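The following report describes a single structure, beginning with its sheet and ending with a few individual residues. Please keep the sequence and the model in view while reading.

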Amino acid sequence: GLTTDLAGRHVVVSAGGTREPLDPVRFLGNRSSGKQGYALAATAAARGARVTLVSANAELPDPAGVDVVHVSTALQLREAALKAVADADAVVMAAAVADFRPAEYVTGKIKKVDGVDPAPVALVRNPDILAEISADRARPGQLVVGFAAETDDVLANGRAKLARKGCDLLVVNEVGERKGFGSDLNEAVVLGADGTETAVPVGPKEALADVVWDLVAARLA
Ligand code: C5P
């Protein structure tokens, strides 16, 4: 429908998947396409919001009327997100952020040497951006939404993650064959810190995005 319930609001959305470089030509990455985050940004803009989209390596066109900040690594995503959320009414972290990055960046391409075993890759933890934004709300009443892809015990794992992250809403989706990564379809349950549980049947990523904004708009009102 034609709704401008987010008019006058600034929302920040993260999308895509971070890449953590090992050397100039290699990285640790993930399979996130960025489609759900882009759908969230486009639907928020259609509902009247000013939208900042922090996009990590999504090979998708910039949505019309959205401010897009392109980043690659988790640390870059953190910096861009923290800057953007300063005056945001709502933040939706849909990006797949790498939990770990290589401890060392090798400035020259890592070479294979005959008869020499490869060196193990040491990893260090990346900061949890969602937990950080949730803990230090840049504005009173700022709404924070996280995403969680789970393969089993979706609701129990989702509830535990919601509490751990400290966000207001957690969109939990079961990663399966027809939905999730790369697909145009998604199915999810949106868990609220207030105890609510909203099931969203399999459908286009835009439909899930609209449910998320419905829940956000209701809580901002
Ligand atoms: O812990 P997990 O990676 O399953 O949590 C997913 C949620 O947390 C997503 O909303 C993701 O954007 C966010 N996240 C983050 N920083 C990390 C890891 C995940 O903000 N380092």
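Axes are lines fitted to C-alpha atoms, for helices over the stretch in contact, and angles run from 0 to 180 degrees between N-to-C directions. Two residues are in contact if their C-beta atoms, placed from the backbone, lie within 7 Å. Helices (H or I, at least four residues) and strands (E, at least two) are DSSP runs, numbered from the N terminus.

The model is predicted, so local features need pLDDT of at least 70 and side-chain atom pairs count only at pLDDT 80 or more, while totals for chains, interfaces and linings use all residues. Residues are numbered from 1 along each chain as its sequence is written.

**The sheet and its helices**

An open sheet of 8 strands, with mixed pairing, runs in the order β5-β4-β1-β6-β9-β10-β11-β12, where two strands count as paired if DSSP finds at least two bridges between them. Its edge strands, each pairing on one side only, are β5 and β12 (197-204), and the twist averages 15° from one strand to the next. Strands of a sheet pair through backbone hydrogen bonds, either parallel or antiparallel. Four of the pairings are set out below, each with one pair of residues that stand opposite each other or are bridge partners.

| Strand pair | Sense | Bridges | Residue pair |
|---|---|---|---|
| β1 (residues 10-16) and β6 | parallel | 4 bridges | V13 and V92 |
| β6 and β9 (residues 143-150) | parallel | 4 bridges | A90 and L143 |
| β10 (residues 169-174) and β11 (residues 185-192) | antiparallel | 5 bridges | V172 and V189 |
| β11 and β12 | antiparallel | 6 bridges | L185 and P204 |

β11 and β12 form a hairpin with 4 residues between them, and G195 in the turn has a positive phi of about 95°.

Helix α4 (residues 154-165) lies across β9, β10 and β11, and runs at about 150° to β10. Helix α5 (residues 205-220) also packs on the sheet, where it touches β6, β9, β10, β11 and β12, and its direction makes about 150° with that of β12.

**The nonpolar core**

A residue is called buried if 20 or more other C-beta atoms lie within 10 Å of its own, exposed if 12 or fewer do, and partly exposed in between, with C-beta atoms placed from the backbone. A nonpolar core is then a set of buried Ala, Val, Leu, Ile, Met, Phe, Trp, Tyr and Cys residues joined through C-beta atoms within 7 Å. The largest such core has 58 residues, among which V13 and V145 touch the most other members. Helix α1 (residues 35-46) supplies the largest share of this core, 8 residues. Leaving aside neighbours within four places in sequence, V13 is in contact with G37, L40, A41, A44, V51, L53, V92 and A94.

In a regular strand the side chains alternate between the two faces of the sheet. In strand β6 (residues 90-93), A90 and V92 point one way and V91 and M93 the other way, and all are buried.

Helix α2 (residues 74-84) has A74, L77, R78, A80, A81 and A84 buried. The cover over the buried residues of α2 includes β1, β2 (20-23), β4 (50-56), β5 (67-71), β7 (100-102) and α3.

**Around the ligand**

A residue is near the ligand if its C-beta atom, placed from the backbone, lies within 6 Å of it. Of the 13 residues around the ligand, M93, V97, I129, L130 and G146 come nearest. The elements that give two or more residues to this shell are α3 (129-135) and β9, and β9 gives the most, with 3 residues.

**Individual residues**

Most residues other than glycine have a negative phi, and most peptide bonds are trans. N57, in the loop between β4 and β5, has a positive phi near 60°, and N57 counts as buried because it has 22 C-beta neighbours inside 10 Å. D153, in the loop between β9 and α4, likewise has a positive phi, of about 45°, but D153 counts as exposed because it has 10 C-beta neighbours inside 10 Å.

R125 lies in strand β8 (residues 123-125) and counts as exposed, with 11 C-beta neighbours inside 10 Å. Not counting residues up to four places away in sequence, R125 touches D99 and F100.
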